[in-house]
Amino acid sequence: MITKRDLNQHTAAVLDRVDDAHDVVVTERGRPRWRVSAVQDPDTSLARLEREGRYTLPPQTRHHGRNALAVRSTPRRRQRPCSASCAGTANVPAVLIYLDSSVALHTILDVPGRERLQVWMSTCGATFLASRLLRTEVVRVLRRVGRPPSDAAPLLDRVGLLEITRETHTVAESIERHVKTLDALHLATAPLVGEPITTATHDPTMKLVAEHLGLPAIDPVGQQV
């Protein structure tokens, strides 16, 4: 505790003592009157999931700051689909995009439009997320075509991965529309993020089911991004 007089005379020194773990109580005439504390950044669903061990930041974010956790929580309402060229701005929260393997693989395989999609991911301004399942799918495809798993690094370095939990399986099993099992797991992971999120998929069936579930969906492979 410090006195009001000390606060007035040594403001900078007092503020230097304030951090996330330490407050400073200011007294007047021997009685506590005020508390000086650090401003806490609003918690986000991704920050909570990371603390719980259910979300892994993309390596690129870990090396260059934790901007992926800077997405502000917004009211839960039906989200309007973003365009394939969507991007965050200084006045608009960064967009969350859930990346399906049908789009992700187009950024690393020798297929038409690969460079265009790579540019899209680099300049979109979005935070990319996916199920941990995406890493396994990508690595298995690379092995099948005789390429080393390390070729997936330029993609996976940009994507935060969400663990598959019992809750994920429960949500996937509750999807009534016909969709492949792995696609159901992807579709079940996206809403568990707890933030408005857009699904990026090149699979027309998955896109239809996503929209039926109320998840905005885009096809950056088929669109001119």
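Begin by selecting Leu156, which lies in helix 8, a run spanning residues 153-156. The model on display is a predicted one. Leu156 has a relative accessible area of 7% and is therefore classed as buried, the cut-off being under 20%. Display its surroundings next: leaving out residues up to four places away in sequence, Leu156 touches Pro59, Leu134 and Arg135. Add Val138 to the selection as well. Between Leu156 and Val138 there are 9.2 Å from C-alpha to C-alpha, and the two are 18 residues apart in sequence.

**Helix 7**

Now select residues 132-144, which form helix 7. This helix has 13 residues and reaches 19 Å from its first C-alpha to its last, close to the 18 Å expected at 1.5 Å a residue. Which residues of helix 7 are buried? They are Leu133, Leu134, Glu137, Val138, Val139, Val141 and Leu142. Colour these residues and then reveal the elements against which they pack: strand 5 (96-99), helix 5 (101-104), strand 6 (127-131), helix 8, strand 7 (159-162) and helix 10 (181-189). Gly146, which follows helix 7, merits a brief stop, as its phi is positive, near 80 degrees.

**The contact between helix 7 and helix 10**

Keep helix 7 visible and add helix 10. The two helices pack at an angle of about 145 degrees, and their axes are 10 Å apart. From helix 7, select Leu133, Leu134 and Glu137; the residues they meet in helix 10 are Leu182, Leu185 and His186. Sorted by character, the residues of this contact comprise four nonpolar, one polar and one charged.

**His106**

Proceed to His106, in the loop between helix 5 and helix 6 (114-123). Is His106 buried or exposed? Its relative accessibility is 19%, and buried means under 20%, so His106 counts as buried. Show the side chain of His106 together with the backbone oxygen of Ser102, which it reaches at 2.9 Å. Then extend the selection to Val111, Pro112, Arg114, Leu117, His202 and Val221, with which His106 is in contact once its neighbours within four places in sequence are set aside.

**The three-stranded sheet**

Finally, turn to the open sheet of three strands, whose order is 1-2-3 and whose pairing is mixed. Strand 1 and strand 3 stand at the edges with a single partner strand each, so one side of each has no neighbour in the sheet. Select strand 2 (residues 24-28): four of its five residues are buried, so this strand is largely enclosed by the rest of the structure.

Strand 1 (residues 2-3) pairs with strand 2 in the parallel sense over two bridges. To view this pairing, select Thr3, which stands opposite Thr27 in strand 2. On the other pairing, strand 2 and strand 3 (residues 31-36) run antiparallel and are joined by five bridges. Here the residues to select are Val24 and, opposite it in strand 3, Val36. Strand 2 and strand 3 also form a hairpin with two residues between them. The tour ends in that turn, at Arg29, which has a positive phi of about 55 degrees.

Notes. Residues are numbered from 1 along each chain as its sequence is written. This is a predicted model: local features need pLDDT of at least 70, side-chain atom pairs count only at pLDDT 80 or more; totals for chains, interfaces and linings use all residues. Side-chain values use heavy atoms; hydrogens and water are left out. Buried means under 20% relative accessible area, exposed over 50%, partly exposed in between (1.4 Å probe, protein chains only). Contact means heavy atoms within 4.5 Å. The expected span of a helix is 1.5 Å times one less than its number of residues. Two strands pair if DSSP finds at least two bridges between them. Axes are lines fitted to C-alpha atoms, for helices over the stretch in contact, and angles run from 0 to 180 degrees between N-to-C directions. Ala, Val, Leu, Ile, Met, Phe, Trp, Tyr, Cys and Pro count as nonpolar, Asp, Glu, Lys and Arg as charged, and the others, Gly among them, as polar. A polar contact is a pair of N or O atoms within 3.5 Å; within protein, one must be able to donate a hydrogen and the other to accept it, and residues adjacent in sequence count only if both atoms are side-chain atoms.
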